[in-house]
Amino acid sequence: MQLKMTNFNPLSKILDDNRLAGSNYVDWKRNLIIVLTAEKLNHVLTTDPPALPEADATDEHREAVRKWHEADDVAKCYILASMTNVLQKQHEVVPTTKDMMVNLKEMF
């Protein structure tokens, strides 16, 4: 039984209806960007993770790092949930959303 992503977010129906299978990479990516932009998560597609806070880091810096990693985790979930099981297996251990997207671009 496959859980529909629309239970997670109504916008994700776009990705549910356009699941990445390979040949549809360009369309899938366009739809992914729409969803991540609406969710204010698209920055993780192009930015590297911030450096982990030093012991003397400010609370603001710690919070910024936490928020970036949280956004990256949610974006990775959207991506993984919107692809075939074979692609999920290949990408479930990729460290960041940006790395995942670079790998997918190279594949397709």
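Colleague: What does the protein expose, and how is that area obtained?

Modeller: The protein exposes about 6800 Å², and carbon and sulfur atoms supply 56% of it. Accessible areas come from the Shrake-Rupley method with a 1.4 Å probe, and for residues only the protein chains shown count as cover. Please keep in mind that this is a predicted model, where local features need pLDDT of at least 70 and side-chain atom pairs count only at pLDDT 80 or more, while totals for chains, interfaces and linings use all residues. Residues are numbered from 1 along each chain as its sequence is written, and side-chain values use heavy atoms, with hydrogens and water left out.

Colleague: What makes Lys76 count as buried?

Modeller: Buried means under 20% relative accessible area, exposed means over 50%, and partly exposed lies in between (1.4 Å probe, protein chains only). Lys76 has 15% relative accessibility, so Lys76 counts as buried. Across the protein, 34% of the 108 residues count as buried.

Colleague: And why is Asp73 called partly exposed?

Modeller: Asp73 has 41% relative accessibility, which falls between the two cut-offs, so Asp73 counts as partly exposed.

Colleague: How do you know that Lys76 forms a salt bridge with Asp73?

Modeller: A salt bridge is a side-chain nitrogen of Lys or Arg within 4 Å of a carboxyl oxygen of Asp or Glu. For Lys76 and Asp73, the closest N and O atoms are 3.8 Å apart, so the pair meets the definition. Lys76 and Asp73 are 3 residues apart in helix H3, separated by about one helical turn.

Colleague: What about Lys76 and Asp72?

Modeller: Their closest N and O atoms are 3.9 Å apart, so this pair is a salt bridge too. Lys76 and Asp72 sit 4 residues apart in helix H3 (residues 59-81), about one helical turn.

Colleague: Why does the link between Lys13 and Asp17 count as a salt bridge?

Modeller: The closest N and O atoms of Lys13 and Asp17 are 2.8 Å apart, so they satisfy the 4 Å limit. Both residues lie in helix H1 (residues 13-17). Lys13 is partly exposed at 41% relative accessibility, and Asp17 is partly exposed at 48%.

Colleague: How many salt bridges does a search of the whole structure find?

Modeller: The search finds 8 salt bridges. Glu63, Arg66 and Glu70 are linked in a network of them.

Colleague: What makes a stretch count as a helix, and how many helices are there?

Modeller: Helices (H or I, at least four residues) and strands (E, at least two) are DSSP runs, numbered from the N terminus. The protein has 5 helices and 0 strands.
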